[in-house]
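Here is a walk through one protein model, written for someone who would rather look at the fold than at a list of numbers. Keep the structure open while you read.

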Amino acid sequence: MTFKELGLDEYIVKAVEELGFEKPSPIQEESIPLLITGDKDYVGLAQTGTGKTAAFGLPMIQQIDTNSKAIQGMILCPTRELCLQITNELKLYAKHTKGIKVVAVYGGASISDQIREIKSGVNIMVGTPGRTIDLMERRVLKFDEVKTVVLDEADEMLNMGFKEDITKIIEQTPPSKHTWLFSATMPKEVERIAKNYMTDPVRVTVGTKNSSAANIEHQYCAVAGRDQYDALRRFIDVAPGMYGIVFCRTRRETKEFADKLMADGYNADALHGDLSQAQRDSVMAKFRNRNLQVLIATDVAARGIDVDDLTHVFHVDLPDEIESYTHRSGRTARAGKSGRSIALVSPSKASRVRLVEKQIGGKMELIQVPTGKEICFQQLMSVIQNVKKVEINEKGLAPYIAQIHEEFADVSKEEIIERFVSLEFNRFIKDYEKARDLNIDMSTMRKGRDRGERGDRKRGDNTTRNTNRLFINIGKMDGFENKGQILGFICNQTGVDGNSIGKIDLFDSFAFIGVDDNVGNTLINSLNGRNIENRDIRIEFSKDKPKGERGERRDRGGDRGGYKGGGDRGGNRRERTSSRSSFKRERRS
Ligand code: AMP
């Protein structure tokens with residue numbers, strides 16, 4: 001079949017011929033005759049590279065009434081890069097069709113330029129959901145005359161968390177419009193969109209139907225919060241060709257992990273909300289070019305990441321919003337490839353494993369943090385493979401080869417091999433010769449798992465048991481908005497199970513924590529002297545009586561000032577700072 005035979009007009013045929021397209025690709029051959037009529041909803045299962053942009057772009061161009069300056073065609077896509085790519089292609093296809101105006105609408109570029117362009121009249125808008133919503137809410141973009149909505153790479157848009165934005169945009173288009181959805185995979189959420197927003201869509205599949213979930217290995221290991229960094233390093237080291245993203249929950253954690261990895265010699269960098277657009281672009285360019293092996297990112301910052309070939313996604317603890325897990329893990333195993341999603345789960349977050357399993361509709365496999373021996377073995381194999389693969393530049397070596405042979409004349413082949421391997425490999429032996437086991441016993445994890453949503457009640461029960469109270473010099477002013485957050489922090493950092501912790505009294509600049517007999521010293525040993533926001537944590541046994549007695553009233557009084565010492569009741573056992581403001585200053589310094 002030719003493009004002409006598909007029903008395309010002569011101007012469009014001329015443009016594609018000039019682009020060197022000799023004949024329609026399979027998806028074009030099947031879809032163009034269906035879409036050109038403009039009276040159907042459509043679902044196309046196709047990956048990038050199949051020619052899908054022309055499959056929807058050519059019929060869309062043909063339908064535009066160039067006498068109208070209103071938006072008649074809307075294309076939503078997940079990323080800035082794709083948005084620009086589609087826009088450029090459509091402009092080329094419409095080269096000979098007079099009066100067609102195509103505009104790209106995407107974040108991170110001047111909004112006023114885009115507003116000016118839109119105001120001069122647009123027929124086809126190609127947009128990323130965020131900026132489209134923004135301009136829609138400013139009433140710059142008006143969708144009352146839209147005839148066709150294309151959702152391109154729908155699975156990716158959902159992976160990136162754009163579901164609500166897409167819904168909001170579609171709701172602003174007239175009911176008479178038709179929707180054409182393109183997706184490389186067909187997870188349940190995409191099916192749901194097809195069901196909710198389309199009427200009896202025609203379905204076209206090109207290539208094999210694959211589900212993103214099927215290609216991802218979902219795994220987790222149980223490690224104490226304080227060991228998460230070491231565990232991450234081991235997973236990176238055990239997979240020499242690894243190329244991936246590490247998701248952290250906060251900007252602070254993101255920076256910390258990136259700084260540590262860089263200090264330890266990894267090609268890593270951070271992507272988080274404190275960076276300017278230019279800094280983000282620079283980090284992303286390095287990552288895309290593989291100058292970075294590991295990107296450490298927050299969920300929000302990683303939204304637009306569209307890098308293929310990622311082998312791993314790591315989660316430094318499972319996210320607070322379970323939905324984010326799917327968005328995160330969907331960064332790997334794209335375009336039919338496979339990938340691993342590995343969560344480093346601390347005991348206090350163990351109950352989330354079950355919630356994630358519910359979300360992905362499958363099991364997460366419990367795996368062990370690699371041992372030093374496993375890492376050394378993998379690294380050794382990698383060195384050997386690299387030696388085997390390297391091309392010998394005989395011409396370049398020629399002037400030196402005699403000298404080289406002479407230098408090695410007295411060294412046996414076996415010794416040369418051992419020496420070359422050691423050159424690369426000694427670092428790993430040194431790093432890992434005394435590596436301890438970072439895995440936490442599953443029974444501790446299970447306790448956390450069982451606690452689940454009923455954790456608070458159980459903790460309440462514990463207050464009758466834990467008669468010891470600890471004083472800790474962190475509180476609401478350090479960002480802990482509620483008792484749950486400080487509990488999470490403590491469990492995370494120490495590996496202590498939340499069930500061993502009882503009543504927590506949280507104040508502005510400090511907190512009291514009820515603990516079981518055997519746990520107090522563990523918390524003190526693990527937390528004392530640790531640093532939070534440039535301040536050293538101090539934790540010690542409080543000699544105040546537990547809840548409900550005079551001690552509690554005193555605690556409340558303490559809310560007005562920083563508590564500076566332990567000691568027992570009366571006299572000068574506590575020194576308070578003269579005012580809270582001085583304490584704040586001390587903290588910021
Ligand atoms: P897409 O799947 O839309 O990203 O297209 C992949 C690439 O194939 C783009 O560079 C298109 O310009 C090109 N392309 C699309 N249709 C054809 C065709 N019929 N013949 C040759 N190249 C094509």
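A residue counts as buried when its relative accessible area is under 20%. With that cut-off in hand, look at strand β11, residues 294-298: five of its five residues are buried. One thing to keep in mind is that this is a predicted model.

**The strand in the middle of the story**

Which residues of β11 sit on which side? V294, I296 and T298 are on one side, while L295 and A297 are on the other, and both faces are covered. That split fits a general habit: in a regular strand the side chains alternate between the two faces of the sheet.

Now for the company β11 keeps. Strands of a sheet pair through backbone hydrogen bonds, either parallel or antiparallel. β11 and strand β9 (residues 244-248) are parallel and share five bridges. Strand β10 (residues 268-271) also runs parallel to β11, and four bridges join the two. Moving on from β9, you get to strand β12 (residues 312-316), again parallel and joined to β9 by four bridges.

Here are some residues that face each other across these pairings:

| Residue | Stands opposite | Strand of the partner |
|---|---|---|
| C248 | T298 | β11 |
| A268 | V294 | β11 |
| I245 | V313 | β12 |

**The sheet and its helix**

Zoom out, and these strands turn out to belong to an open sheet of seven strands with parallel pairing, in the order β10-β11-β9-β12-β13-β8-β14. Which strands are at the edges? They are β10 and β14 (365-366), each of which pairs on one side only. Helix α13 packs on this sheet and touches β9, β10 and β11, and its direction makes about 140° with that of β10. If you trace the chain through β10, helix α13 (residues 277-288) and β11, you follow a right-handed β-α-β unit.

**A helix and a loop elsewhere**

Helix α8 covers residues 163-171, and its buried residues are D165, I166, T167, I169 and I170. What covers them? The cover includes two strands, β2 (73-76) and β5 (148-151), along with the helices α6 (129-137), α7 (154-159) and α9 (188-197).

β2 turns up again if you look for S68, which is found in the loop between α3 (52-63) and β2. Is S68 buried or exposed? S68 has a relative accessible area of 16%, so it counts as buried. Leaving out residues up to four places away in sequence, S68 touches N123 and E145.

**Cysteines**

How many disulfides are there? The count comes to zero, going by the rule that a pair of cysteine sulfur atoms must lie within 2.5 Å. Two cysteines are still worth finding on screen. C248 has a relative accessible area of 0%, so it is buried. C491 is buried as well, with a relative accessible area of 0%.

**The whole chain**

Finally, step back to the full protein chain. Its secondary structure comes to 24 helices and 20 strands. Of its 589 residues, 52% count as buried. Among contacts with a separation of 6 or more, 75% are between residues 24 or more positions apart. The chain exposes about 28800 Å², and carbon and sulfur atoms supply 47% of that area.

Note on methods. Residues are numbered from 1 along each chain as its sequence is written. This is a predicted model: local features need pLDDT of at least 70, side-chain atom pairs count only at pLDDT 80 or more; totals for chains, interfaces and linings use all residues. Side-chain values use heavy atoms; hydrogens and water are left out. Buried means under 20% relative accessible area, exposed over 50%, partly exposed in between (1.4 Å probe, protein chains only). Contact means heavy atoms within 4.5 Å. Accessible areas come from the Shrake-Rupley method with a 1.4 Å probe; for residues, only the protein chains shown count as cover. Two strands pair if DSSP finds at least two bridges between them. A crossover is right-handed if, with the strands pointing away from the viewer, the path from the first strand over the helix to the second runs clockwise. Axes are lines fitted to C-alpha atoms, for helices over the stretch in contact, and angles run from 0 to 180 degrees between N-to-C directions.
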